[in-house]
Structure formats: structure tokens, C-alpha cells
Amino acid sequence: MKLAFCLFKYYPYGGLERDFLQIAKACFARGHDIHVFTMHWEGDIPEGFHVTFIKPSGWSNHGRAKSFAKKLSEILLNIKFDVVIGFNRLPNLDIYFAGDPCYAKEAEQKHDFLYKLFPRYRTYQTLEDSVFSKNSNTQILLLNPAHQKDFTDYYQTPKNRFTLLTPGVNEDRRRPLDQSQIRENFRKEHGIHADEKIILMIGSDFKRKGVDRALLVMSSLPAYLKSKIHLWIVGKGNAISQDRVTFWGPRDDIIKFYAAADCFLHPAYQETAGMVLIESLAAGLPIIVTQNCGYAPYIQKASAGMIIPEPFKQETLNQAVIKILTDETVLADYRQNALNFGKSHDLFHLAQQVADIIELKGKK
């Protein structure tokens, strides 16, 4: 099949972008012809992928998004594809991978009525409507089941157009057989002693991921813990210097960080799914996560960590971190529960699941 994958930008360390790449690779491995339409690609382009760069006009993000959508529509009118898959909201999609919450709902909750008069709102709402409108035929792949109600409330999207995906991560996130040796070597390489503990955060867009909340945790630690706790933050964002906090930037050797860490922290303000949470389960890491993250229920189901309830309170997060890092029994139980969940659930075939859906769509 000749497949078109459409997204505004690709860079190697975004969760949505990584999902796109793994799905496209899964389709390529099945013999399909892969065409990608994007404004920008950062990093290596996989062999066999045909990437078309669409240069949009406009100075603002929404202006470029509108221009990209218009130019892409013109291309799709002239070139026949068996299936068109989008990872951003765009017109003329056969399948949309829903990596973001409902824009119309967020705009209503966070802004006054005047916001709707501006071009930014009109552009993004129109693009969202092109996917979720009851007049559209786009099939929607959901990561977070809670978002279906939001879309149906605002757009009256028929329920039969939604497909809920089971969580899955890349095969390269599997817990390695030599996990203990990797842990020992990596911690030794960076001067971490046996009696010290590492809190790990992974993700770009530090503001949304709650890095400020994590820094407040570190500054609030009691004196007897401050010298024993490190916070490691991996991802793309603006680093804020602080004692015993290390910003690593984007990394390819992420499996070493999972091995070296003692718990995973994800105090996000908003998170559609949170694939790093499933990765942490697969790695056997205890997890502390805010309730509003899409995949937080899986942590609860696995009994592999602590859920910080909404409305969020910083003190609750602070105490959870202290509890999990000072009670060795709790830490060991959560770690074992995470490993057990990973062994009893298939956490590694999201891309194959979506490839199946794409092939079925192409046959209709």
C-alpha cells in the first residue's frame, strides 16, 4: 500500500514523534510504501522513507499550521494514497492518531470568550473540527479513553469512529538481561554511591511535564535526605540550575537511565497518555505520577507507585517522594509489582496494533 504520514514537525525525542516513527517503521517492515509530509525533520531519515518538506507561509505557529494544512490538501488531491494518517489535526485524514486533548475544551476552560475571536483559536478549532466533526469520516485512534467524551461533547463525533489503543512502547525499552550490571556501571561512572538514590524524569516541554514541581520537591527535602537524593532530568527544555539536579538533555541511551534510577517521577500538569509511564513499568521502576495523566490508571492497576490526586497539592507530592525513597519495603514492593505487570501484560506492540488498523483501512 502507498501510505501518507502527516505531521507538522519531527524530532527524535518527542513522545508523539516517536510513536509516529515506530508505526511508520512497522508499516515499512510489512512492505508498504512510506511517504511523509512535514515542515521539518530533525535527525536521520530512515532508509526507504520518502519525505516531502512542505514550506508553509506565515510568522506565527497557527499561521504556519494553516498554510501547511492548505498545501497538504492540495497535494492529497493530486496524489492518490491508500491511507492518509495524521499525527496532528489536519483535513482529509483517513486515520488520526490522537496525541493531544480536545483543543476546544481547553480553550473554553482556560480563556475568556474574547480568545475565540483571535485567529489562533479559529485556526486550531477549524483543524480540530476537520477531524472530529460528525461530517468527517476520519477514524480516530485514542490513547486516553477519557478524551472520547470531550470530543463527542464538543463535536458530536459518532462513537463508532473511535478506536482505543492498548499501551505499548518500543522494543528497545525492554528491561535488559544485564540490568544490574548496567545500573552498577552507570552509577559508578557518574559518582553515585550505593546509599544514594536517583529520581528520574524523562520528557520534553518541561513546563507541561511539571519540572518546576520536581524542583520544589528537591528544595523541600529534609536535611538528612538532601545529600542522598539526586534528580536526573532527561529531555529537551530550558535547564534551571539547582544543587543535586542534573539536566541531561535529549539522550539515546535512555535504557541506562532507567537502570540507574530508583524511582520515576511524572508530576505533569497535563498529559494525554504518558508513554514514559509504561516504559517505567517495563523497566521495573516505582512511579509517582499525577492523577491527570492518561496512563496513571495503569500505575494504579499494577500497584507500582503512588498517584497524586487532583486538585494537585505540592505538599502531597513532597511527602510521596520522601515516603517512596525512605521506606525500603515500599520501594521493593512497587519495584516487584512493576516487573510483574510487565511480565503479565504485552507492553511492546502498539506500533503493530496501529499497522493492523492501517492495513484494514486500506482494504476497505
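This passage walks through some helices, salt bridges and a surface patch of the structure, which is a predicted model.

A handy place to start is the pairing of helix H3 (103-110) with helix H5 (residues 146-155). Two packed helices are described by the angle between their axes and the distance between the axes. For H3 and H5, the angle comes out at about 85°, and the axes lie 9 Å apart. That makes H3 roughly perpendicular to H5, since angles of 65 to 115 degrees count that way. On the H3 side, the residues that meet H5 are Ala104, Lys105 and Glu108; their counterparts on H5 are Asp150, Tyr154 and Tyr155.

Two of these contact residues also share a salt bridge: the side chains of Lys105 and Asp150 come together at 3.0 Å, N to O. Lys105 belongs to helix H3 and Asp150 to helix H5, so this pair ties together parts that are 45 residues apart in sequence. What about their exposure? Lys105 is partly exposed, at 23% relative accessible area, whereas Asp150 is buried, at 13%.

Asp150 has company inside H5, where His147, Phe151, Thr152 and Tyr155 are also buried. The buried residues of H5 pack against H3 and H4, and against two strands as well, S8 (139-142) and S9 (162-164). Just past the end of H5, Gln156 adopts a positive phi of about 55°.

Glu108, another of the H3 residues that meet H5, has a salt bridge of its own. Its partner is Lys116, with the closest N and O atoms 4.0 Å apart. Both residues are partly exposed, Lys116 with a relative accessible area of 35% and Glu108 with one of 46%.

Moving along the chain from H3, the loop between H3 and helix H4 (119-132) holds Leu117. Leu117 is exposed, with a relative accessible area of 57%, which puts it above the 50% cut-off for that label. Leu117 also contributes to a nonpolar patch on the surface, together with Phe113, Leu114 and Phe118. The patch covers about 470 Å².

Helix H11 (residues 275-283) paints another picture. Here 9 of the 9 residues are buried, so the helix is largely enclosed by the rest of the structure. The run goes from Met275, Val276, Leu277 and Ile278 through Glu279, Ser280 and Leu281 to Ala282 and Ala283. Right after H11 comes Gly284, which takes a positive phi of about 80°.

Salt bridges turn up elsewhere too, and the structure holds 23 of them. One of the pairs is Glu359 with Arg30, whose side chains meet at 2.8 Å, N to O. Glu359 sits in helix H15 (residues 350-363), while Arg30 is found in the loop between helix H1 (15-29) and strand S3 (33-38), so the bridge ties together parts that are 329 residues apart in sequence. Is Glu359 buried or exposed? At 17% relative accessibility, Glu359 counts as buried, because the label applies under 20%. Arg30, by contrast, is partly exposed, with a relative accessible area of 29%.

Note on methods: Residues are numbered from 1 along each chain as its sequence is written. This is a predicted model: local features need pLDDT of at least 70, side-chain atom pairs count only at pLDDT 80 or more; totals for chains, interfaces and linings use all residues. Side-chain values use heavy atoms; hydrogens and water are left out. Patches are made of residues with over 30% relative accessible area and no salt bridge: like charges are joined within 9 Å, nonpolar side chains (Val, Leu, Ile, Met, Phe, Trp, Tyr) within 5 Å. Accessible areas come from the Shrake-Rupley method with a 1.4 Å probe; for residues, only the protein chains shown count as cover. Helices (H or I, at least four residues) and strands (E, at least two) are DSSP runs, numbered from the N terminus. Buried means under 20% relative accessible area, exposed over 50%, partly exposed in between (1.4 Å probe, protein chains only). Axes are lines fitted to C-alpha atoms, for helices over the stretch in contact, and angles run from 0 to 180 degrees between N-to-C directions. Angles under 35 degrees count as roughly parallel, over 145 as roughly antiparallel, 65 to 115 as roughly perpendicular and the rest as oblique. Contact means heavy atoms within 4.5 Å.
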